[in-house]
Amino acid sequence: MLASFQYLNSCIQNQSYGILDFRAKKYSKIRSYCVRCKSSLDPTLDEEKDGKRKFKILIAGGGIGGLVLALAAKHRGFEVEVFEKDLSLVRGEGQHRGPIQLMSSALAVLEAIDENVAKQIMAAGCVTGNRTNGFVDGVSGEWFTKFDLSSPAVSRGLPITQVICRMELQDILVNAVGLDIVRNNSEVVDFIEEPSKVTVILEDGRQYHGDVLVGADGIWSNVRTKLFGRREAKYSNYTCYSGITKLIPPYIDSVGYRVFLGLNQYFAALDIGNGNMQWFAFHKQPPMSTDTPGGKKKLLEEKFGKWCDEVIALIQETPESMILQREIYDRDMICSWGIGRVALLGDAAHPLQPNLGQGGCMAIDDCYQLIDELDQVPNTGSDAQISDAICLALRQYAKKRIRRVGIVHAATRMASKMLAMYQPCIQLKTGPLAHLSSLQITYPAFRMGQAFLQYLLPKFMIWMIAGHGLSLKSQRDREREAKQT
């Protein structure tokens, strides 16, 4: 475990953005795919406007990543269409996954894309980064380590980390992109790539043409399956129970979120605004496990019944009907995020475990890099020249993102493995020293790990907050705007 920490630290110190030497493969020939999808649209492409062929981006998936990319494309002057299976489900969704955390780096990207939309999002969210955040021991409730999300953001003129309801975030983005661009009831399940275009096929057989296809359709991505074949996602060995409850704890003004640690289980609690607390209980168990006859709440009360009062209170104050369960999956990192005119984004490219709250942030960062690369593609020239430029732009996007995402991906998996070993005190229940079982004897390695984590975590958080290095406004400007509104 310490070796993993040391390697992660060396990556951050050296400003290296990857765990593996990921290199996108070069393709001299554009492959042709025949693939299938769901819904309806006018399939025609405007071939000419003012004597120039328009550059059109097709996006499979209307989740956070797909919508942010569409907004960015719209502002850069691209034609864009988004195909979503069902907007009402908020794919992957709100009730099960709770609010989404937007770190300073992701908020800065949203400001760079559309300042007015960013203002709406920040007005609707609940700021957590201006309070104490960190890890605590689940039984005692004592702080294990804290990290500062505010100072690194303020010093760089960035917004402060916040959380926002996924459904509210989606509504803001859909309205900004436009319902004329976002096509509901339209699941992309197939595509055909040709030398001069890419075509998506919907469930009713209609076809829609564009210059680029971006698969932003989540961990179970159809686009990814068609590109690289069907591969099973990896179960993390954890299932997640989540709930929202009307509870205002006495520490609400001083604590943004805490992660309570225990052996083979952990519990996260955060303020989501309007007098609501969101919590997540992660428990290590086989996949497809059934609940106890008494229901989810009874099971959680048994698993966390000896933990500190804050954890017990949050579970007890949540109605059984508000407790939901989902199993946690991710996928191995891949060395290429696309082929030819087709690329992946967000969870379709690199699904993450949720223990660091970085899935949405990484998808938003992907959008910034991808649209920046595509914006450099010329819209004049021969079909072969444009095709080569598009393919190069998509490879460059993946190359520039894959290392940074690789570190975050490795960190989320490392966190799960650490939790499986979290045991601060020596257990003396049997053997010749069993009479000392009532004593709390701390493992020497535990203190070493704690000290190293206290050293590493602040550096890691600063690295995360810095993101693309955007510093769009000074804190003074933000304060001035706040007073005006």
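Is Q285 buried or exposed? Keep in mind as we go that this is a predicted model. Q285 comes out at 13% relative accessibility, and since anything under 20% is called buried, Q285 counts as buried.

So where do you find this residue? Look at the loop that runs between strand β16 (276–284) and helix α9 (296–303), and Q285 is there. Next, check what surrounds it. If you skip the neighbours within four places in sequence, Q285 is in contact with Y235, N237, T239, Y241 and Q325.

Now let's move to another part of the chain, strand β10, which covers residues 197–201. Four of its five residues are buried, so β10 is largely enclosed by the rest of the structure.

Strand β10 has a partner in β9 (residues 190–194), and the two pair in the antiparallel sense over five bridges. To see one of these pairings up close, find I192: its bridge partner in β10 is T199. The link between the two strands is easy to trace, as β9 and β10 form a hairpin with two residues between them.

β10 also pairs with β11 (residues 207–210): four bridges join these strands, which again run antiparallel. Here you can pick out V198, whose bridge partner in β11 is G210. β10 and β11 form a hairpin as well, this time with five residues between them. While you're in that turn, stop at G205, which has a positive phi of about 95°.

Notes:
Residues numbered from 1 in each chain as written. Predicted model: local features only at pLDDT ≥ 70, side-chain atom pairs only at ≥ 80, totals over all residues. Heavy atoms only, no water. Buried < 20%, exposed > 50% of the residue type's maximum accessible area, 1.4 Å probe, protein only. Contact = heavy atoms within 4.5 Å. Pairing = 2+ DSSP bridges.
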